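Welcome, and thanks for taking a look. Have the sequence and the 3D view open side by side, and we will walk through a few places together.

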Amino acid sequence: MKNFAQKFPIIFSILLFVISMPILWGAFYPLLYKLPFYFASAIKYTLTLLAVIAACFIIYRKIPFTLQCKELFKSLFSFGLVGLICAVMAFIFSYSAPDTTPSVSIVLGFTLYNLAIAYSEEFLFCGAIFTQMLDSWKDKKGFIWAAIIGSSIIFGLRHLLNLVTTPNVIITTIGQVLFTFMAGVFFCAVYLRTHNIWICVIIHFLEDFFTGFWAIVSTSAVAVQVVDGTIANMFLLVSVHLVYVIFGVLMLKEKMGI
């Protein structure tokens, strides 16, 4: 398995994604679909996280990414400030007037759901796939950029899975694929600069949490989620997320000399 991952990092990465998300989710769906949405989704993403950690132990005999929290907050504000700002902007610009009071179970489920997404996706795409690509291509020129682009593309395409639950939001999903690719570039850059995946998890969690927060306190926000956006909206979202790519490239170019 390790030799296969080394020789065919792209194929290995796609297989790791397919096994830990679509196949695993499909296998457990009959057991989860009766649960409230947020709890069912939190369990799905937690299963993905466990599958990724198990795969990493099998292949590497260790978890191939730093779990330490040393100088966490300093690095968070030094290299992740753009991500924190984007999280706050997501909260502001996705505003919908609150007209309901969510139950404790809904708030808890929503929080666990977003934590599970942040953990599983960062460990899978940044921690496992990106790390494997770096290791496999380390003897090639430009291997860092190749690994960043490769893992970010897979991360972006992962969001096509959203069409399974909301098949009518095609334009919105395409936009999501594009701007999550850009976010992937930023997360890879932050991880390379800090060697601390927890910073990526924190930023990812905050942006997802703040983007979807209004859905648990506003009926109008829920209604918007099942309506497809326009091409203009898609380009607006993609344009806003260009800041991720810009700062990601600057962090790597100016600080690492690549």
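Helix 2 provides 5 residues to the lining of the second largest pocket, the largest share from any one element. Please keep in mind that this is a predicted model. Along with helix 2 (9–32), helix 3 (37–60) supplies at least two residues of that lining. The pocket's volume is about 210 Å³. Among the residues lining this pocket are Met1, Phe4, Leu16, Ser20, Ala51 and Ile59. Sorted by class, the lining has 10 nonpolar residues, 1 polar residue and no charged residues.

Next, the core. The largest nonpolar core holds 66 residues, and the members that touch the most others are Leu124, Phe125, Phe130, Ile148, Phe186 and Ile203. Helix 6 (residues 104–136) gives this core its largest share, 14 residues.

Two leucines are worth finding in the view. Here are their contacts, leaving aside neighbours within four places in sequence.

| Residue | In contact with |
|---|---|
| Leucine 124 | Leu16, Phe17, Ser20, Met21, Thr48, Val52 and Ile129 |
| Leucine 206 | Leu84 and Ala87 |

Leu16 and Ser20, which are contacts of leucine 124, also appear in the lining of the second largest pocket.

Where is leucine 206 found? Leucine 206 sits in helix 10 (residues 197–212). Its C-alpha atom is separated by 8.4 Å from that of asparagine 114, although the two residues are 92 residues apart along the chain. Is leucine 206 buried or partly exposed? Because its relative accessible area is 22%, leucine 206 counts as partly exposed; buried would need a value under 20%.

Terms used: Residues numbered from 1 in each chain as written. Predicted model: local features only at pLDDT ≥ 70, side-chain atom pairs only at ≥ 80, totals over all residues. Heavy atoms only, no water. Core = buried A, V, L, I, M, F, W, Y, C linked by side-chain atoms within 4.5 Å. Buried < 20%, exposed > 50% of the residue type's maximum accessible area, 1.4 Å probe, protein only. Helix = DSSP H or I, 4+ residues; strand = E, 2+ residues; numbered from the N terminus. Contact = heavy atoms within 4.5 Å. 1 Å grid on protein atoms, 1.4 Å probe; cavity = no way out; pocket = protein on both sides within 12 Å on 5 of 7 lines; lining within 4 Å. Points joined across faces, edges and corners; volume = space filled by probe spheres on them. Nonpolar A, V, L, I, M, F, W, Y, C, P; charged D, E, K, R; others polar.
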